[in-house]
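Open the model in your viewer and switch to cartoon. Keep the selection box ready.

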Amino acid sequence: MESGSGDNGGIVISAPGKVILHGEHAVVYGKVALAVSLNLRTYLELKDTENNEVRLDLPDIELHRVWKLEDMSVIFESFTGGDITQPGPPTSEQLAHLKELAGIKKEEDSEVKYLAVIAFLYIYLGICSHKRKSKLPSLCLRVNSNLPTGAGLGSSAAFSVCLASSLLTYCGAVKTLDVEKESHFGRWSQENLETINNWAYEAERIIHGTPSGIDNSISTYGGAINFRRITDKDGKVTPKIVPLERVPLLRILLVNTKVPRSTKVLVANVRKKLEKYPDIIGPILDSIEGIANTCEKLFADSGDNNDNTAAIEELEELIDINQHHLASIGVSHPALQQVCQISAKYGLHCKLTGAGGGGCAVTLLRKDTSQGSIDEIQKELKSIGFDCWETSIGGPGVTLHRNIHRELSEGASAAIPKALLEGL
Ligand code: MEV
């Protein structure tokens, strides 16, 4: 097994959350979207055990599950075969087995946290049956995150990417690059990242229904990307992911309204609206793509020049137009509008990010926004119950941590969830 954390021979992997700058919802229909990774990450620790069980602990959402390997032996058979680099969705027979194994009651059927259990079982069985033809491995996986769940910051995608990369690495289906051996961090070849991303996408499909794949892609690759789904004439969908050449040093304020919402429901509602009013909603989605393209061009033209006031003003205009578009397709929320209004009082511009309907908004800070103003706006937002934090964007994608204790001694503790450290 590839060593991750050092001391106990387990694997420790992390993957980032994301902010969609422009293109949410439109991206589901093959339009361009721009996404950046966040410095908030999910961490997964995988350990070999000898108790003939597989255990999944998600303490952040109080979910702890254990399965005996012998109970998986029937279903195991139906997972062997296929190309490990190109997974597909579970068959209806597999899905029925997975639900039974997950022991989910009817009323919990569509709850994200239970769908996450099914996604885990699918990834575990799918990957491990490829590589361990005769016997499933006895494992314990624990996941801790700095990302709020269901807030539009890609927490389920970061979870899916951690699951896929840890199990693929554990089984030897992907390998971190040799050149990185001396480093605390391990990363994978482009080809291996594609395999990780493909599996993470299948997990996301189980959790969210018909996601575009942008969330798992930015979590896998990190940085800043231009993302588009391409459908060929046979209906096969492939993601086209192009790293952005330039992104100016943006300062943003992330605001979590804490209003709960479901990505699956919001995406389905937009689809219904598009089907009902194709001539009205279609052009709005086209215009959202126009905004993403214009923004990318602005980034490319302004480069590292953060003093470019004209470019910042254009970025602000694009944010306003997009927020109105998103409201008109029905995915804003009074709490999100409130964040926009408060931002406007300070001369700042804001839009929802992710699926909307609650969750998070992002406010673009100006170079000349004083610390005093930022403190005041944060105070006002917090006083009405919202969480907010100034954050940096564009960090690395999925990463293997070879020596998390060393990282800690070098000052990385703020980024690593305390609960993860307690178990190491
Ligand atoms: C979710 O982060 C963004 C949406 O566009 C859905 C998706 O792309 O899967 C709303």
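The tour has three stops: a sheet, a helix pair and a short helix. Bear in mind that this is a predicted model.

**Stop one: the sheet**

Select strands E10, E11, E9 and E12. In that order they form an open, antiparallel sheet of four strands. Colour the edges next: E10 covers 349-352 and E12 covers 387-391, and each of these pairs on one side only. Look along the sheet for its twist, which averages 20 degrees from one strand to the next.

Now go to E9, residues 251-256, and E11, residues 360-365. Six bridges join these antiparallel strands. To find one end of the ladder's register, pick Asn256: its bridge partner in E11 is Cys360.

Add the helices that pack on this sheet. Helix H9, residues 309-328, touches E10 and E11. The direction of H9 makes about 35 degrees with that of E10. Helix H11, residues 371-383, also packs on the sheet, touching E9, E11 and E12. Its direction makes about 155 degrees with that of E12.

**Stop two: the helix pair**

Hide the sheet. Select H3, residues 112-131, and H4, residues 155-170. How do they pack? Their angle is about 20 degrees, and their axes lie 10 Å apart. Angles under 35 degrees count as roughly parallel, so H3 is roughly parallel to H4. The crossing of H3 past H4 is right-handed.

Show side chains at the contact. From H3, take Ala116, Phe120, Ile123, Tyr124, Ile127 and Cys128. From H4, take Phe159, Leu163, Ala164, Leu167 and Leu168, which these H3 residues meet. Which classes make up the contact of H3 with H4? There are eleven nonpolar residues, no polar ones and no charged ones.

Check the spacing of the side chains as you turn the view. An α-helix has 3.6 residues a turn, so residues three or four places apart point the same way.

**Stop three: the short helix**

Keep H4 on screen and select H6, residues 214-221. Is H6 largely enclosed or open? Seven of its eight residues are buried, so H6 is largely enclosed by the rest of the structure. The buried ones are Ile214, Asp215, Asn216, Ser217, Ile218, Ser219 and Thr220.

Bring in the cover piece by piece. Among the strands over the buried residues of H6 are E1 (11-22), E2 (33-48), E7 (224-231) and E8 (237-243). Helix H5 (190-208) and H4 are also part of that cover.

Finish just past the end of H6. Click Gly222, which follows the helix, and check its phi: the value is positive, near 70 degrees.

Methods:
Residues are numbered from 1 along each chain as its sequence is written. This is a predicted model: local features need pLDDT of at least 70, side-chain atom pairs count only at pLDDT 80 or more; totals for chains, interfaces and linings use all residues. Side-chain values use heavy atoms; hydrogens and water are left out. Two strands pair if DSSP finds at least two bridges between them. Helices (H or I, at least four residues) and strands (E, at least two) are DSSP runs, numbered from the N terminus. Axes are lines fitted to C-alpha atoms, for helices over the stretch in contact, and angles run from 0 to 180 degrees between N-to-C directions. Contact means heavy atoms within 4.5 Å. Angles under 35 degrees count as roughly parallel, over 145 as roughly antiparallel, 65 to 115 as roughly perpendicular and the rest as oblique. A crossing is left-handed if the near helix is turned anticlockwise from the far one by less than a right angle, and right-handed if clockwise. Ala, Val, Leu, Ile, Met, Phe, Trp, Tyr, Cys and Pro count as nonpolar, Asp, Glu, Lys and Arg as charged, and the others, Gly among them, as polar. Buried means under 20% relative accessible area, exposed over 50%, partly exposed in between (1.4 Å probe, protein chains only).
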